[in-house]
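Student: I've got a new model on my screen and I'd like to talk through it. Can you take my questions one by one?

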Amino acid sequence: MAKKERKSLSAYSIILILLVVLAILTWLLPHLPGSVTPEMIENDSSLVTGVNRATIADIFMSPFNGFKDAIDVCVFVLFLGGFLGIVTKTKALDAGIAALVRKLKGNEIILIPILMTLFSIGGSTYGMAEETIAFYTLICSTMVAAGFDSMVGAAVILLGAGVGCLGSTINPFATGIAMATVVDGGLHVENAYILIIGVILWITSLIAAVIYVMRYAEKVKRDKGSIFLSLREQEAMNEHFGHVDFNEVEFTGKQRVTLIVFAITFVIMIISLVAWGKYDIHVFEGWSSFLTGVPLGEWYFGELSMWFTFMGLIIAVINGFSEKETVDAFLAGSADILSVVLIIALSRGVSVLMKATYLDKYILNTASNLLKGLPAIVFAPASYILYMILSFLIPSTSGLATVSLPIMAPLTQNIGFRPEVMIMIFSGACGLINLITPTSGVVMGGLSTAKIEFSTYIKWVMKLLGIIFVLNVVILTVAMYVVK
């Protein structure tokens, strides 16, 4: 029996509706007194006893202001799309996927735990997030060719890197900034506690996610009628990711070299983002700055944008592309990923609006007052839920740590608990909600690249989120009692 077509709102509409709803909310909450200036709030966020009401102009300009705020990410994604356009023209990915699937015939399922573990390591160690968008086309094509579907491909990346961020260990953009913020506030933090709790959150959440994805993948492999995707999503999946024929694709020498260069490109990307100096590793200092002016370990989206462009040109030369063929392929790849750029900009617009109206700080101050004096068995779950709400409004882990921990860490210590546990409550809750929040360009951009509607993904992943939530809350509640 054919499935009925499910109609749902586009990612753009969901984000715009959310923007308007949150703007309306600022008119229903207490108004911030005019005597409180931005300078005063910068020095003491507890002064935020109300919000600034969002104006029509705030709503109208939010998409543009979001684009301006996220311009580095947007440029990176566009240049990344150009790089992938050149790689796609070589057909090396198709040939490599076909060869891999032929080699794993009957054992394709092992790709899921291996890839999810690798992505989770990136998430836990350096906060792998926007960089994952580069992998969706490759992983979704691989999973479809292996007999699964694009939901499996998207989940491998989104959940893999996401549970790694949830259980951040040495992630400088989450636990790193969180610890620095707490220490700057005058509190002592033990790194060992952060590492131990982080590893426990990471491994338990990863195991749950891997089992969840593997069970779905096995069900799809056995019965194509079990696919969770709508008919429209299945058509998009077949059009974009289902074009590899393992039996007819020849794996040429040029394609092998192209894939080696492709792999090197991503290895360098990963190395370039790890803050080596923070761990007293100085092997990349000096000599590695000749290309970008910045050594490996200090690259960011600007350096990555030009790195992918440069490597795209190298691949074009290897394959003998003419100047016109190279430019056309680059522009076609950028055009294909433009929708992701627009989604990232819209998502960031929501965060910009929240920051401008102080809605984020108001919710934080109100909730922290309610948490005072609660026992650990209530305090830990309540704090986790608070951070889920805050993460919805501020998907940036570094931004949320800077805003919230100067309030939450002292509160935790004042009622007799360790601030390290609060840091990991922040990390766990932020990581969980960033698996699904429409205010995250990573979520919406990744799903857009995978051709999966947001509503479909939410329905599919909700059971797993409940499992991870329970695991996290139990671990963190126990940690409240154990870590003294």
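**Salt bridges, a helix pair and a surface patch**

Tutor: Let's start with one side chain: aspartate 69 has a relative accessible area of 44%, so it counts as partly exposed. Keep in mind that this is a predicted model.

Student: Which residue does aspartate 69 form a salt bridge with?

Tutor: Look for a side-chain nitrogen within 4 Å of a carboxyl oxygen of the aspartate. The closest N and O atoms of the pair are 3.0 Å apart, and the partner of aspartate 69 is arginine 348.

Student: How many residues apart in sequence are the parts that this pair ties together?

Tutor: Aspartate 69 sits in helix H3 (residues 56-69), while arginine 348 belongs to helix H15 (residues 338-357). Arginine 348 is partly exposed too, at 24% relative accessibility. Because the two partners come from these two helices, the salt bridge links parts whose separation in sequence is 279 residues.

Student: And glutamate 453, is it buried or exposed?

Tutor: Glutamate 453 pairs with arginine 232 in a salt bridge, with the closest N and O atoms 2.3 Å apart. That arginine is partly exposed at 38% relative accessibility. The cut-off for buried is under 20%, and glutamate 453 has a relative accessible area of 16%, so the word for it is buried.

Student: Where does glutamate 453 lie?

Tutor: Its partner, arginine 232, is in helix H11 (residues 231-241), and the pair ties together parts that are 221 residues apart in sequence. Glutamate 453 itself is found in the loop between helix H20 (441-450) and H21.

Student: What separates aspartate 328 and lysine 324 along their helix?

Tutor: These two side chains meet in a salt bridge at 2.7 Å, N to O. Aspartate 328 is partly exposed at 36% relative accessibility, whereas lysine 324 is exposed at 56%. Both belong to helix H14 (residues 323-336) and are four residues apart, so the spacing is about one helical turn.

Student: How many salt bridges does the count come to?

Tutor: In general, side chains of opposite charge can pair when their charged atoms come close. We've gone through some of them, including aspartate 69 with arginine 348. With nitrogen within 4 Å of oxygen as the rule, the count is five.

Student: Now for helix packing. At roughly what angle do H9 and H19 cross?

Tutor: Helix H9 covers residues 172-184 and helix H19 covers residues 419-433; their axes come within 10 Å. The contact uses Ala174, Thr175, Ala178, Met179 and Val182 from H9, and Pro419, Ile423, Met424, Phe426 and Ser427 from H19. The crossing is right-handed, and its angle is roughly 145°.

Student: Is threonine 412 buried or exposed?

Tutor: You'll find threonine 412 in helix H18 (residues 397-414). Leaving out residues up to four places away in sequence, it touches Phe379, Phe417, Arg418, Pro419, Met422 and Met480. Its relative accessibility is 0%, so threonine 412 is buried.

Student: Which helix gives the most to the nonpolar patch?

Tutor: The patch covers about 640 Å² and is made by Ile377, Val378, Val470, Val474, Val478, Tyr481 and Val482. Helix H17 (376-393) and helix H21 (454-482) are the elements giving two or more residues. With five residues, the biggest contributor is H21.

Student: What is the relative accessible area of valine 482?

Tutor: Valine 482 is in helix H21 and is one of the patch residues. It counts as exposed because its relative accessible area is 61%.

Note on methods: Residues are numbered from 1 along each chain as its sequence is written. This is a predicted model: local features need pLDDT of at least 70, side-chain atom pairs count only at pLDDT 80 or more; totals for chains, interfaces and linings use all residues. Side-chain values use heavy atoms; hydrogens and water are left out. Patches are made of residues with over 30% relative accessible area and no salt bridge: like charges are joined within 9 Å, nonpolar side chains (Val, Leu, Ile, Met, Phe, Trp, Tyr) within 5 Å. Accessible areas come from the Shrake-Rupley method with a 1.4 Å probe; for residues, only the protein chains shown count as cover. Buried means under 20% relative accessible area, exposed over 50%, partly exposed in between (1.4 Å probe, protein chains only). Axes are lines fitted to C-alpha atoms, for helices over the stretch in contact, and angles run from 0 to 180 degrees between N-to-C directions. A crossing is left-handed if the near helix is turned anticlockwise from the far one by less than a right angle, and right-handed if clockwise. Contact means heavy atoms within 4.5 Å.
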